There are 2 protein chains.
Amino acid sequence: MKLLIHIAYLGTNYCGYQVQSNAPSIQKMLNCATEELFGYPCDLVGCSRTDSGVHAHEFCATVAKHGSNDLPTDLHPDRIVQALCAHLPEDIRVFAAEWVPSEFHARYDVLEKEYLYRIYNHPVMDPFELNRAWHFPQKIDAEGIFKMQKAASFLLGAHDFSAFMAQGSRVESTVRTIRKSTVEMENHLILYRVAADGFLYNMVRIIVGTLVDVGRGKLQPEDLPAILESKERTRAGQTAPACGLYLDRVSYPNKNIPGYEHS
Amino acid sequence: MKLLIHIAYLGTNYCGYQVQSNAPSIQKMLNCATEELFGYPCDLVGCSRTDSGVHAHEFCATVAKHGSNDLPTDLHPDRIVQALCAHLPEDIRVFAAEWVPSEFHARYDVLEKEYLYRIYNHPVMDPFELNRAWHFPQKIDAEGIFKMQKAASFLLGAHDFSAFMAQGSRVESTVRTIRKSTVEMENHLILYRVAADGFLYNMVRIIVGTLVDVGRGKLQPEDLPAILESKERTRAGQTAPACGLYLDRVSYPNKNIPGYEHS
């Protein structure tokens, strides 16, 4: 059995999830914390690779003893949650843990991921949203929000999202299936939620940049199908900043396979 | 005429509103920004003195040329808002400004202030609430919340709040009138809102410490009247941490006096 941990983190102070040689990463912090707790180096496999400055309300990773697919420990998952938190910086928290079979893969077994993107739309930035939302000062009115909602709905379903992928990325297939794509306004915050079976590199941030172009009238909702079809990155909007992006939820299909025990 | 500015700030990096010799304060930042913008030193008068680590969703202060009760400038309030923001750290924002008569006093003329106190009630702290809520890990259940609501309602009206004032404080009268005192639960957050004509030193934080004692069963709601009557600080609960406290709203009575112009 390996351990599946559910973590939340404020990404501001990290270079992203993945270990990099010259900057603190979420994975590096988890490596240190797990080694301190279990007394041996562990292999961490994350559900995705969030970029520098991107946040997570839920990020999942498996923990196994280095070189094995097993975590030999008698500790109860709840105890592990508390103990790992004690070894982690305060901006990274493990909030749940559970045993999963050794074959479980935190990335390949993902059924669906949901992201949230937060835009603060007011001439003056809210200091409490600093590094937690994209400050977009130019007013997007109710009509603009409505158009963004319409544009967002064109993305639903299976499409080739090449136009919404960072240039130079390499991937086997550029087809993804979006199952949720909604825009809502809460006071001065514009919230975009998107759920899919997977995402291309920078896909959510490019979608958001494009939706904002719709909101301010640079594009029309009806332009979205043509942008998708073009498969040209240059047809879509700018890449919205990392600070507004949150990995919000990760789902796995195999909740009922034998040996799967929820903490 | 003087200028009344409405500001919001994240108090984490400051020693409070008031200028202190060895630490950055909100007032000091405003002093620097106004002098840079207007080209002469200004007198700032704030609506209250928030403590180190306390936040503000709305804090009001007047700005006048040093030694006068006037701000000689042709700048439109909206321009001043933008310009002051450009001279301030990002965790302090001026979000509105308006002209008020020279006699206006930011502290003495306050009609009502409202505070919000945020408690994060879960074994594992939400990293996004770090320094923004009091982490209280011991579970307060629905019954506990109900008792806190009941206890909070005993504080409504005019009372001598000596029992809820930091020991050693000196003040002419310890009677204050509370017009709102509510507790609500939103997911894992317990929110306490209190509005009054004024507050004694640490009053909100001592009320919150006492309400939490009610929530966890150390006190009963019916103990509140006796604590008030005792006027003894030791009968009330602990002083809740500064990081959960927000000055939320400041009201002045004289919105209709001549020369009062809203930006």
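This is a short talk on one helix pair in chain A and on the contact between chains A and B. Keep in mind that the model is predicted.

Helices first. Two packed helices are described by the angle between their axes and the distance between the axes. Here the pair is H1 of chain A, residues 26-38, and H2 of chain A, residues 77-87. Their angle is about 120°, and the axes lie 9 Å apart. That makes H1(A) oblique to H2(A), because angles from 65 to 115 degrees count as roughly perpendicular and only those over 145 as roughly antiparallel. The crossing of the two is right-handed.

Who makes the contact? From H1(A), we have Ala33(A), Thr34(A), Glu36(A), Leu37(A) and Phe38(A). From H2(A) come Ile80(A), Ala83(A), Leu84(A) and His87(A). By class, that contact of H1(A) with H2(A) has 6 nonpolar residues, 2 polar and 1 charged.

Now the two chains. A turn of 180°, with a shift of 0.0 Å along the axis, lays chain B on chain A at an RMSD of 0.0 Å. The two copies are therefore related as by a two-fold rotation axis. Which residue of chain B comes closest to that axis? Phe128(B), with its C-alpha at 5.2 Å. Both copies use the same surface: 100% of chain B's contact residues recur in chain A.

Next, the interface itself. Chain B puts in 21 residues, and chain A puts in 21 residues. The buried area between them is about 1,600 Å². Carbon and sulfur atoms give 77% of that area. On the chain B side, look at Val124(B), Pro127(B) and Phe128(B). They supply 41% of what chain B buries against chain A, more than any other three residues.

Technical notes:
Residues numbered from 1 in each chain as written. Chains lettered and ligands numbered in written order. Predicted model: local features only at pLDDT ≥ 70, side-chain atom pairs only at ≥ 80, totals over all residues. Heavy atoms only, no water. Axes fitted to C-alpha atoms, helices over the stretch in contact; angles between N-to-C directions. Helix = DSSP H or I, 4+ residues; strand = E, 2+ residues; numbered from the N terminus. Parallel < 35°, antiparallel > 145°, perpendicular 65-115°, else oblique. Left-handed = near helix turned anticlockwise from the far one by under 90°. Contact = heavy atoms within 4.5 Å. Nonpolar A, V, L, I, M, F, W, Y, C, P; charged D, E, K, R; others polar. Least-squares fit on C-alpha atoms with pLDDT ≥ 70 in both. Buried area = accessible area lost by both parts, 1.4 Å probe.
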